Amino acid sequence: MPRIVLLGPPGVGKGTQAGPLAKALAVPHLSTGELLRAAVAEGTPLGKEADGYMRAGRLVPDELVLHILTERLERPDARPGFLLDGYPRNRAQAETLARLVPVDIVLYFELPEATLVERLTQRRVCPTCGRLYNLATLPPKVPGRCDVEGSSLVQRSDDAPEAVRTRLRTYREQTEPLLEFYRSTGRLRSIDASGSTTEVGRRIRAAIDRPNP
Ligand code: AMP
């Protein structure tokens, strides 16, 4: 089973693709953003500390994220393989990850910045099941309601315009340089993340099936 890292800017569709892909590969989907949001919702000390950074669209300090990630990586289901979404986000995290576990494939999702802003500000999420929607490209069947749960959809607090700008700037400054780091390992595979969810899903499967150069 593969150990895969999903790399790319916020709003590129990593979270949307991760669920079905993890299911198809029979590996768990590990999202540091989701783990942090769960800690915030539970009101744990770590969640309380992370909350302010997340609302502002800034990176949560490395040691907090590492704590929550190692705990998850140590669970038995993540031993044979995983889909890691949202980690690493800077050079120090990439080096830490390399020491923790070997990574087989890094999928890099590419999309123009204007499209990212649009996707993020139009994004809505079901507070009950976490399913993602997009008012323009992936709307719910009944406006404002989750298809599965019927709950009222909400906007993530960090999808507000000001936080979106900060997240994109943080990505460019801290996360994008990881491309070179992973390109040099020969594990990087780029995905054109434009178009429908189905099209992108197909490109991902093709990229995973391609042997390393
Ligand atoms: P995401 O759901 O991946 O967009 O993450 C949401 C927020 O959680 C980010 O904007 C950060 O504040 C925080 N976060 C998630 N993963 C990390 C990480 N690897 N390092 C630092 N902060 C993170």
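In this predicted model, T175 is buried, with a relative accessible area of 5%. That value falls under the 20% limit for a buried residue. T175 belongs to helix α7, which spans residues 161-175. Its side chain makes a polar contact: the backbone oxygen of R89 is reached at 2.7 Å. Apart from neighbours within four places in sequence, T175 is in contact with L7, P88, R89 and T170.

R89 also appears at the ligand. The shell around the ligand holds 16 residues, of which T32, R58, G86, R89 and Q93 come nearest. Helix α2 (residues 32-42) gives the largest share of this shell, with four residues. Three side chains are placed for polar contacts with the ligand. T32 puts a polar side-chain atom 2.8 Å from a ligand nitrogen atom. For Q93, an N or O atom of the side chain is 2.9 Å from a nitrogen atom of the ligand. R167 has a polar side-chain atom 3.4 Å from a ligand oxygen atom. On its own, the ligand has 480 Å² of accessible area, and the protein covers 95% of this.

Q93 leads from the ligand to helix α5, residues 91-100. Within α5, Q93, A94, T96 and L97 are buried. These four residues lie on the same side of the helix, because they cover an arc of only 165 degrees around its axis. An α-helix has 3.6 residues a turn, so residues three or four places apart point the same way. A98 and R99 are exposed on the other side of α5. The buried residues of α5 pack against four elements: β1 (3-7), α4 (62-73), β3 (82-85) and α8 (178-183). The N-terminal end of α5 is capped by N90. Here a side-chain oxygen of N90 lies 3.3 Å from the backbone nitrogen of A92.

Aromatic pairing was examined last. The structure holds one aromatic pair. It is formed by F181 and Y182, whose ring centres are 5.0 Å apart. Their planes stand at 85 degrees, so the pair is edge-to-face. The angle exceeds the cut-off for that class, which is over 60 degrees. F181 and Y182 are both buried.

How values were computed:
Residues numbered from 1 in each chain as written. Predicted model: local features only at pLDDT ≥ 70, side-chain atom pairs only at ≥ 80, totals over all residues. Heavy atoms only, no water. Buried < 20%, exposed > 50% of the residue type's maximum accessible area, 1.4 Å probe, protein only. Helix = DSSP H or I, 4+ residues; strand = E, 2+ residues; numbered from the N terminus. Arc of directions from axis to C-beta. Contact = heavy atoms within 4.5 Å. Polar contact = N/O pair within 3.5 Å; in protein donor to acceptor, adjacent residues only side chain to side chain. Phe/Tyr/Trp six-rings, centres within 6.5 Å; stacked < 30°, edge-to-face > 60°. Near = heavy atom within 4 Å. Areas by Shrake-Rupley, 256 points an atom, 1.4 Å probe, with all protein chains shown as cover.
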